Every structure is written in C-alpha cells, then in structure tokens.
Amino acid sequence: MASDYGDESGEKMLDSFTRFAERRGEFAMRERAYEFKRACRNATEVAKEKGGESEALESAPEWAKLDMREFQALEDYADFKEIIEAKLDAHGIEPNWFTDEQAGREYLLFRVKDAREVWASFKELEQESDGIAEKAAEAAKDKVAEKHLDRDERPLDERAKQAREASKALEAERTPGLEHDRAERAIETRVK
C-alpha cells in the first residue's frame with residue numbers, strides 16, 4: 001500500500017478509513033473522508049498564504065502555524081494527526097505541534113521556508129483521500145462478507161435436526177456395558 005502512494009500516509013489513511021467504515025458504515029466513512037479532504041484543502045490555502053510570497057522578504061517570520069481546528073473536529077483526530085505526520089515526513093518536514101490549552105486548540109508549526117512542502121503535503125492528502133475512501137469501502141465490505149461466511153446460514157430447525165441425529169449416532173456408538181455401569185452407580189448413590 002505504501003508503494004501505491006509513495007509513503008506511509010496512504011496506508012495509515014486506508015487503515016483508518018476501513019476501521020471507521022466497519023464501525024460506523026460506509027456512508028459515515030465517506031462523509032468523514034469528505035470532511036478530511038475539505039480540511040486539507042483549507043490547510044493548503046492557509047499554508048500558501050503563510051509562506052507563498054513572504055519567502056523573498058527578509059523580515060518575514062521564520063515560523064508559521066496552522067490551526068488544526070478542522071482536523072480536531074473530525075472523529076479519531078489522532079489517526080489524522082498520524083497521517084499528516086507521515087505525509088510531512090515523506091516531504092522531509094519534521095512536524096512540530098503546539099497545544100494551546102486555554103483555547104483548546106492545536107497548531108502545526110512549520111518553518112516559513114518549508115511552506116511549499118507543507119501545502120504540497122496537504123494537497124496530496126486531499127487528492128489521495130477519494131481513492132483511499134473507495135478502497136476502504138471495498139475493504140470494509142470484504143471484511144463484513146468474511147464475517148458472514150463463517151455463519152451457518154441454514155434454518156434453525158435444520159441445524160437442530162442435524163444435532164439430534166449426531167447425538168443419536170454418538171449414543172449408538174457407546175459401549176452397552178458402559179451405560180449399564182453408569183446406571184448401577186446412579187442407583188447405588190441414591191440408595192446410600
């Protein structure tokens with residue numbers, strides 16, 4: 001899977017989307033994928049604003065921050081954080097995180113000179129999310145189908161009839177002396 005996307009972020013995204021689809025259903029997973037895609041698109045725009053033209057300015061700040069509020073609003077934010085870290089790492093950027101406890105927000109900190117790589121990372125995540133959502137939907141369907149294959153789909157009456165027949169066959173295979181010994185022991189215990 002990693003080779004399909006060139007890094008580990010695609011594999012992490014597929015695993016996350018598949019688990020979510022199994023847990024909450026395909027429709028919920030697709031909504032989640034859409035929200036992730038939209039958050040990536042917005043993060044791309046913000047990263048462009050933060051580092052686009054300011055690279056030439058000597059007075060430009062060295063660091064920029066990206067508010068992760070949209071990503072935090074998604075269920076299983078920790079999964080998305082790992083996905084983002086893997087994608088940034090693939091682009092040679094070590095992610096730095098800052099949590100503002102008072103505001104309840106987390107920020108991705110990056111050097112302004114790395115802004116192009118940051119927005120390229122989010123752009124790739126945005127583009128990959130649709131294809132991965134499709135693969136996750138298929139993988140979740142396959143896993144659900146596997147679970148149903150293990151079930152005995154015959155009606156209960158038919159399974160009960162087979163169980164009774166198997167029980168009778170086992171009874172017939174028993175040695176006759178063994179039943180007699182058991183019956184005698186049972187009588188002895190009642191007498192005592």
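A residue is buried under 20% relative accessible area, exposed over 50%, and partly exposed in between (1.4 Å probe, protein chains only). The model is predicted, so local features need pLDDT of at least 70 and side-chain atom pairs pLDDT 80 or more, while totals for chains, interfaces and linings use all residues. Residues are numbered from 1 along each chain as its sequence is written, and side-chain values use heavy atoms, without hydrogens and water.

**View 1. The whole protein has 8 helices and 3 strands.** Helices (H or I, at least four residues) and strands (E, at least two) are DSSP runs, numbered from the N terminus. Along the sequence, the pattern of the protein reads α-α-α-β-α-α-β-β-α-α-α. Of the 192 residues in the protein, 32% are buried. Among the contacts (heavy atoms within 4.5 Å) with a separation of 6 or more, 74% join residues 24 or more positions apart.

**View 2. Helix α2 packs against helix α5.** Helix α2 covers residues 8-24 and helix α5 covers residues 77-90. Their axes, lines fitted to C-alpha atoms over the stretch in contact, are 8 Å apart and meet at an angle of about 165°. Helix α2 is therefore roughly antiparallel to α5, a term for angles over 145 degrees on a scale from 0 to 180 between N-to-C directions. From α2, the residues in the contact are E8, S9, K12, M13, S16, F17 and R19. From α5, they are D79, F80, E82, I83, A86 and K87. Sorted by class, the contact has 5 nonpolar, 2 polar and 6 charged residues. Charged here means Asp, Glu, Lys and Arg; nonpolar means Ala, Val, Leu, Ile, Met, Phe, Trp, Tyr, Cys and Pro; the others are polar.

**View 3. R24 of helix α2 forms a salt bridge with E75.** A salt bridge is a side-chain nitrogen of Lys or Arg within 4 Å of a carboxyl oxygen of Asp or Glu. By this rule, the count is 18 salt bridges. In the pair of R24 and E75, the closest N and O atoms are 2.5 Å apart. E75 lies in the loop between α4 (69-72) and α5, so the pair ties together parts that are 51 residues apart in sequence. R24 is partly exposed at 45% relative accessibility, and E75 is partly exposed at 35%. Both residues belong to a network of salt bridges that links R23, R24, R32, E75 and D76.

**View 4. R30 and E26 form a salt bridge within helix α3.** The N to O distance between their side chains is 2.7 Å. Helix α3 covers residues 26-51, and R30 and E26 are about one helical turn apart because 4 residues separate them in this helix. R30 counts as partly exposed, with 28% relative accessibility. E26 also counts as partly exposed, with 27%.

**View 5. K37 of helix α3 forms a salt bridge with D130 of helix α6.** Their closest N and O atoms are 2.5 Å apart. The two residues lie in separate helices, so the pair ties together parts that are 93 residues apart in sequence. K37 counts as buried at 17% relative accessibility, whereas D130 counts as partly exposed at 41%.

**View 6. E126 is a buried residue of helix α6.** The helix covers residues 115-149. E126 counts as buried because its relative accessible area is 8%. Apart from neighbours within four places in sequence, E126 is in contact with K37, C40, R41 and T44.

Definitions and conventions: Angles under 35 degrees count as roughly parallel, over 145 as roughly antiparallel, 65 to 115 as roughly perpendicular and the rest as oblique.
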